Amino acid sequence: MSETWAKEAHRARPTRTTRASRAELAGVDLHLDLSGTRVRAGLESALRDAVRAGRLRPGTRLPSSRALAADLGVARNTVAEVYSQLVAEGWLTAQTGSGTTVAPRRATEPGARAAARPEAAVPGYDLRAGVPDLSAFPRRAWLATARKVLAAAPDHLLGYPDPRGLPQLRAALADYLARARGVRADPAHIVICAGFAHGLAGVSRALRAAGARTLAVEAYGHQAHRDIAARQGLRLQPLPVDGMGAVIGAASTEADAMLLTPAHQFPLGVTLHPRRRREAAGWGGVVIEDDYDGEFRYDRQPVGALQTLAPGHVIYAGTASKSLAPSLRLGWLVVPPRLLEAVTAELAAGPSALDQLTLAEFITSGGYDRQVRRARLAYRRRRDRLAAALGRQGLQVTGIAAGMHVVLEFSRTDAEHAAVTRASRNGLAIDGLERYRAGGEPPGGDGRAGLVIGYGRPPEHAYTTALARLCAALADVLPVPGGDQGTRVERRGERELIGGLMSRSSRRGRPPAGGGCRAGGRPRRTCARRSRRPGFPAARVPR
Ligand SMILES: Cc1ncc(COP(=O)(O)O)c(C=O)c1O
């Protein structure tokens with residue numbers, strides 16, 4: 001069997017085109033598996049197979065018989081006869097002026113693919129955390145910037161970029177991160193990655209290759225990130241999270257590295273207490289600082305990056321997924337020099353250089369700051385409306401000082417389930433805390449329950465309704481203070497089921513601490529203490 005590319009390059013138009021070269025330039029590339037010695041039969045069956053297997057989809061325009069014959073090195077008549085035969089059999093259609101195309105599929109056709117599975121139902125309203133308002137993406141400004149940089153880019157920029165990413169973007173980020181996040185960043189130590197998920201995978205591989213075995217993770221966090229690290233061979237050790245953030249001292253002596261969200265714990269929302277920050281900075285192992293929404297701080301000055309305290313130990317990670325859009329797949333790492341080579345090697349095939357160039361210009365021209373400030377204002381207003389609406393129901397959310405989500409804690413998990421289910425019946429997608437918990441109960445079993453309410457995601461016009469549906473769901477499953485309670489039997493039953501539904505903090509009337517979580521700023525006792533500084537096998541992992 002020989003494989004043949006029937007190829008028709010889309011080259012610049014030649015000044016003088018012969019009929020043959022015109023045939024070569026027109027149409028599409030077509031890959032055919034030609035078998036046997038009989039050209040006509042082989043071509044017929046190759047085309048039939050390609051249509052049957054779906055490689056040639058209905059409506060696909062085939063090359064002209066002249067062009068295909070030229071590519072295959074066969075007589076034009078042979079191709080024309082094959083096309084006629086397949087038209088007669090119903091595989092192809094031919095119309096004067098529009099050439100030969102693949103015919104629409106018949107339902108009964110042997111080999112026709114089973115009907116595509118329906119897409120997972122998209123909820124009407126969505127208050128799940130993690131995604132910003134995509135309708136607020138600055139399309140015009142981004143497009144104008146992309147145009148500008150592409151028009152001006154020298155040809156060599158279209159070649160393979162530096163494996164760390166384009167120098168222009170690394171320089172722009174170094175300035176921006178120093179100015180806005182207090183990160184100590186030399187452009188030479190920045191590595192561009194395709195979002196945090198990509199960066200984490202590369203860092204995990206680099207650490208694993210250097211001998212690391214165990215990664216301490218916050219007991220509440222992103223399941224996808226835990227999966228990524230585990231897939232690279234790292235064992236995970238959950239760290240409890242209390243009112244001061246992750247309990248650094250609970251990391252076992254086996255832990256070689258630690259993944260933290262110090263500025264705004266995801267999803268509980270607490271800021272890592274200064275004492276814990278110092279502990280993390282002095283811990284000795286590698287700390288991966290996921291600064292996923294550091295730009296979105298509302299109530300006071302943004303909390304600076306942990307990396308500033310220990311640039312030799314902390315890998316700082318940022319992303320454009322919250323500030324711009326996740327689909328850009330643009331993220332960045334500031335890597336301690338001793339880990340730079342290993343991490344770079346793992347992440348060498350980063351995002352498109354054109355996107356990198358656009359982001360670089362977007363940052364240096366001030367477009368990025370403008371977008372962040374605009375978005376911050378919009379999200380802050382949403383957060384205030386959410387807190388006020390739930391406040392009217394006697395509920396108090398926590399973790400409100402930053403980001404695009406808050407937490408409404410309950411005292412029982414059945415309440416959490418009831419609220420998620422009721423919201424879903426109201427056409428509203430929302431997640432419970434359970435979804436974020438690492439492998440069951442963390443050490444010390446905190447038994448937290450509640451909703452993680454992402455207020456960033458809905459487009460502006462849908463936010464009011466999303467909020468109303470959330471309030472309605474909560475009113476249905478919660479005892480409403482002063483409301484008409486008990487008139488319906490099932491309502492009474494629900495109240496019994498979710499008897500302890502009100503968040504403990506709201507019952508106690510505690511004010512919404514900036515990022516406070518249930519422990520209300522009081523440190524929780526920790527069950528495990530480090531008996532020695534964690535470390536990698538000394539010979540293999542640079543510190
Ligand atoms: C905790 C956390 N870190 C990082 C990210 C960003 O990930 P990425 O840059 O891969 O889109 C998210 C997005 O939801 C997140 O929730």
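Hi everyone. Before we look at anything, one definition: two strands pair if DSSP finds at least two bridges between them. Keep that in mind, and remember too that this is a predicted model.

Let's use the definition straight away on strand β13, which covers residues 314-319. Which residue stands opposite Tyr316 in β13? The residue is Glu289. The strand on that side is β12, residues 286-290, which runs parallel to β13 and is joined to it by four bridges. On to β14, residues 331-334: four bridges join this strand to β13 as well, but here the two run antiparallel. One pair to find on your screen is Gly318 with its bridge partner in β14, Trp332.

Now, is β13 enclosed or open? Six of its six residues are buried, so the strand is largely enclosed by the rest of the structure. You can see this on both faces: Val314, Tyr316 and Gly318 point one way, Ile315, Ala317 and Thr319 point the other way, and all are buried.

Let's zoom out for a moment. The protein chain has 543 residues, and 46% of them count as buried. There are 16 helices and 18 strands. If we take the contacts with a separation of 6 or more, 75% of them are between residues 24 or more positions apart.

Next, the nonpolar cores. The largest one has 120 residues, and Ile288, Ile315 and Leu333 are among those with the most contacts inside it, along with Leu173, Met258, Ile453 and Leu470. Helix α14, residues 460-477, supplies the largest share of this core, seven residues. Let's follow Ile288, setting aside its neighbours within four places in sequence: its contacts include Leu200, Val203 and Met258, and also Ile315 and Ala317. Those last two should sound familiar, as both belong to the side of β13 that Thr319 points to.

Apart from that core lies another, of 19 residues, with Leu32, Leu47, Leu68 and Leu72 among them. Two of these names take us to helix α3, where Ser65, Ala67, Leu68, Ala69, Asp71 and Leu72 are buried. That makes six of the eight residues in 65-72, so α3 is largely enclosed by the rest of the structure. Right after α3 comes Gly73, with a positive phi near 70 degrees.

Another helix to show you is α11, residues 353-364. How far apart are its end C-alpha atoms? They are 16 Å apart, and this agrees with the span we should get from twelve residues at 1.5 Å a residue, because that expected value is also 16 Å. Ten of the twelve residues are buried, so to speak plainly, α11 is mostly covered. The buried ones include Leu357, Leu359, Phe362 and Ile363, but also Asp355 and Glu361. What do they pack against? The partners are α5 (139-152), α6 (167-181), β6 (190-193) and α12 (367-392). Just after α11, Gly366 has a positive phi of about 95 degrees.

Last stop, the ligand. How many residues surround it? There are 13, and the closest are Gly195, Phe196, Tyr292, Thr319 and Ser321. Notice Thr319 there, which we met in β13. By class, this shell has five nonpolar, seven polar and one charged residues. Helix α7, residues 195-209, gives the most to it, with three residues.

That's my tour, thanks for listening!

Technical notes. Residues are numbered from 1 along each chain as its sequence is written. This is a predicted model: local features need pLDDT of at least 70, side-chain atom pairs count only at pLDDT 80 or more; totals for chains, interfaces and linings use all residues. The expected span of a helix is 1.5 Å times one less than its number of residues. A residue is buried if 20 or more other C-beta atoms lie within 10 Å of its own, exposed if 12 or fewer, and partly exposed in between; C-beta atoms are placed from the backbone. Two residues are in contact if their C-beta atoms, placed from the backbone, lie within 7 Å. A residue is near a molecule or strand if its C-beta atom, placed from the backbone, lies within 6 Å of it. Ala, Val, Leu, Ile, Met, Phe, Trp, Tyr, Cys and Pro count as nonpolar, Asp, Glu, Lys and Arg as charged, and the others, Gly among them, as polar. A nonpolar core is a set of buried Ala, Val, Leu, Ile, Met, Phe, Trp, Tyr and Cys residues joined through C-beta atoms within 7 Å.
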